[in-house]
Amino acid sequence: MKALTATGRPDFSVAFAEVEQPRPRPNEALVKVEAFSVNRGETFKLEDPAADWRPGKDVAGLVVQAAADGSGPAACTRVLGHPSSAGWAEYVAVPTDALAELPESLGSVRAAALPLAGLTALRLLRAAGPVTGRRLLLTGASGGVGHYVTELAAAAGAEVTVVVASEERGRRLVELGAAEVVHEVAAATGPYDLVLESTGGANLPLALARLARRGTLIWFGQASRTPATLDFFDFFAGPESATVRHFHYADSDVPDGKDLATLVRLVTAGRLTPEIGRVAPWTQTAAVLADLRDRRIRGKAVLTLTAS
């Protein structure tokens, strides 16, 4: 079968290769991939790929072989999946607890935009606790996670301020429920009960300074790829006794499949909107990765598989 594999240096991209079709473990279903989405984090991993690693964590498609242990969806079921890797291929083996069934009303392109970004947003807000009536600052809000967090938090009653460079993206986030848009962290007034910080570098201490006393800052990314430095004494300038928490979406007690089913339900009910900035055939994956790395795509990028 055809699959996309990491090329390594100097382009840090992908190329097509012929690989063996997966042999599912007893608890895995074999899925024929119809669409997959790519994430900026995957572009970073392509810079130093492990020898046996193939990219791909967000897929939508059709079960062509049900799990041998009887778990999960039956053959011919349309599904959304979140494998640990190797999803940018014609077929992928996915653990059944990382699959959710898709209704006919939700197509593969929109579904494929959900897994990593949607799981991150859902679990980030779960970690934050009740947000109704709370002032929330979200940095790096222009990507897929930012859109989902904004829509879910605003619907839950939070007063959301988003930090986004693009005026166009800012307008869209207002449509999704954002109360205020600023174009740099320094322009956010605060104080905020909750800060969700995804950029790191100089922005993290700036965001912390806008946190209310005993507030919570959840650090869930470092898109700037620049380390952050915090000064203990800065807390006395306002965010006394604040909590700074590290967050990783995969550290969850809820199985991926259960949370994927929640995301599917929210989308089909019109309560969550996949923001897709680019749809292209998977033959254009390398070009899409370059645009994603250089921030020329806002929202999610989805690649579709066509008959060869």
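Is Thr150 buried or exposed? I looked this up before anything else, in what is a predicted model. Thr150 sits in helix 4. Its relative accessibility is 0%, so I entered Thr150 as buried. Leaving out residues up to four places away in sequence, I found Thr150 touching Leu138, Val160, Val162, Leu173, Leu176, Gly177 and Ala178.

**Entry: the nonpolar cores**

I went next to the largest nonpolar core, which has 47 residues. Leu114, Leu136 and Leu196 are the ones that touch the most other members. I then listed the elements that each supply at least two residues of this core. Among them are helix 2 (108-112), helix 3 (115-128), helix 4 (144-155) and helix 7 (256-268). Strand 8 (135-138), strand 9 (159-163) and strand 11 (192-197) are also on that list. Helix 3 contributes the most, with eight residues.

I took Leu114 for a closer look. Setting aside neighbours within four places in sequence, its contacts are Leu80, Leu106, Leu119, Tyr148, Leu263, Val264, Val267, Leu272 and Pro274.

There is also a second, separate core, made of 26 residues. I noted Val63, Leu99, Ile297 and Leu303 as being included in this second core. As background, nonpolar side chains tend to be buried together in soluble globular proteins.

**Entry: the parallel sheet**

In what order do the six strands of the open sheet stand? I read the order as 10-9-8-11-12-13, with parallel pairing. Strand 10 (180-182) and strand 13 (243-246) are at the edges. Each has a single partner strand, so one side of each has no neighbour in the sheet. From one strand to the next, the twist averages 15°.

I checked one pair within this sheet. Strand 8 and strand 9 are joined by four bridges in the parallel sense. Arg135 has Glu159 of strand 9 as its bridge partner.

**Entry: antiparallel pairs**

I then followed strand 4 (residues 58-65) to its partners. Strand 3 (residues 28-38) runs antiparallel to strand 4, and seven bridges join the two. Here Lys32 is bridged to Leu62 of strand 4. Strand 4 is also antiparallel to strand 5 (residues 78-81), with four bridges between them. Leu62 appears again in this pairing, with Arg78 of strand 5 as its bridge partner. Leu62 thus has a bridge partner in Lys32 and another in Arg78.

**Entry: helix 3 against helix 4 and helix 7**

How do helix 3 and helix 4 cross, left-handed or right-handed? I recorded the crossing as right-handed. Their axes come within 8 Å and cross at roughly 45°, and the two helices are therefore oblique to each other. On the helix 3 side, the contact is made by Ala117, Gly118, Thr120, Ala121, Leu124 and Leu125. Helix 4 meets these with Gly144, Val145, Tyr148, Val149, Leu152 and Ala153. Tyr148 is also among the contacts I listed for Leu114.

For helix 3 and helix 7, I found that the axes come within 10 Å and cross at roughly 95°. That makes the two roughly perpendicular. Helix 3 makes this contact through Pro115, Gly118, Leu119, Leu122, Arg123 and Arg126. From helix 7 the residues are Asp256, Asp259, Leu260, Thr262 and Leu263. Gly118 of helix 3 takes part in the contact with helix 4 and in the contact with helix 7.

**Entry: backbone exceptions**

Most residues other than glycine have a negative phi, and most peptide bonds are trans. I looked for departures from this.

Which peptide bonds did I note as cis? The bond from Arg9 to Pro10 is cis, with omega near 0°. Pro10 is in the loop between strand 1 (2-8) and strand 2 (13-18). The bond joining Gly190 and Pro191 is cis as well, with omega about -5°. Pro191 is in the loop between strand 10 and strand 11.

I also noted two arginines with positive phi. Arg225 has a phi of about 60° and lies in the loop between strand 12 (211-219) and strand 13. With a relative accessible area of 45%, Arg225 is partly exposed. Arg295 has a phi near 60° and lies in the loop between helix 8 (285-293) and strand 15 (300-304). Its relative accessibility is 37%, so I entered Arg295 as partly exposed.

How values were computed. Residues are numbered from 1 along each chain as its sequence is written. This is a predicted model: local features need pLDDT of at least 70, side-chain atom pairs count only at pLDDT 80 or more; totals for chains, interfaces and linings use all residues. Side-chain values use heavy atoms; hydrogens and water are left out. A nonpolar core is a set of buried Ala, Val, Leu, Ile, Met, Phe, Trp, Tyr and Cys residues joined through side-chain atoms within 4.5 Å. Buried means under 20% relative accessible area, exposed over 50%, partly exposed in between (1.4 Å probe, protein chains only). Contact means heavy atoms within 4.5 Å. Two strands pair if DSSP finds at least two bridges between them. Axes are lines fitted to C-alpha atoms, for helices over the stretch in contact, and angles run from 0 to 180 degrees between N-to-C directions. Angles under 35 degrees count as roughly parallel, over 145 as roughly antiparallel, 65 to 115 as roughly perpendicular and the rest as oblique. A crossing is left-handed if the near helix is turned anticlockwise from the far one by less than a right angle, and right-handed if clockwise.
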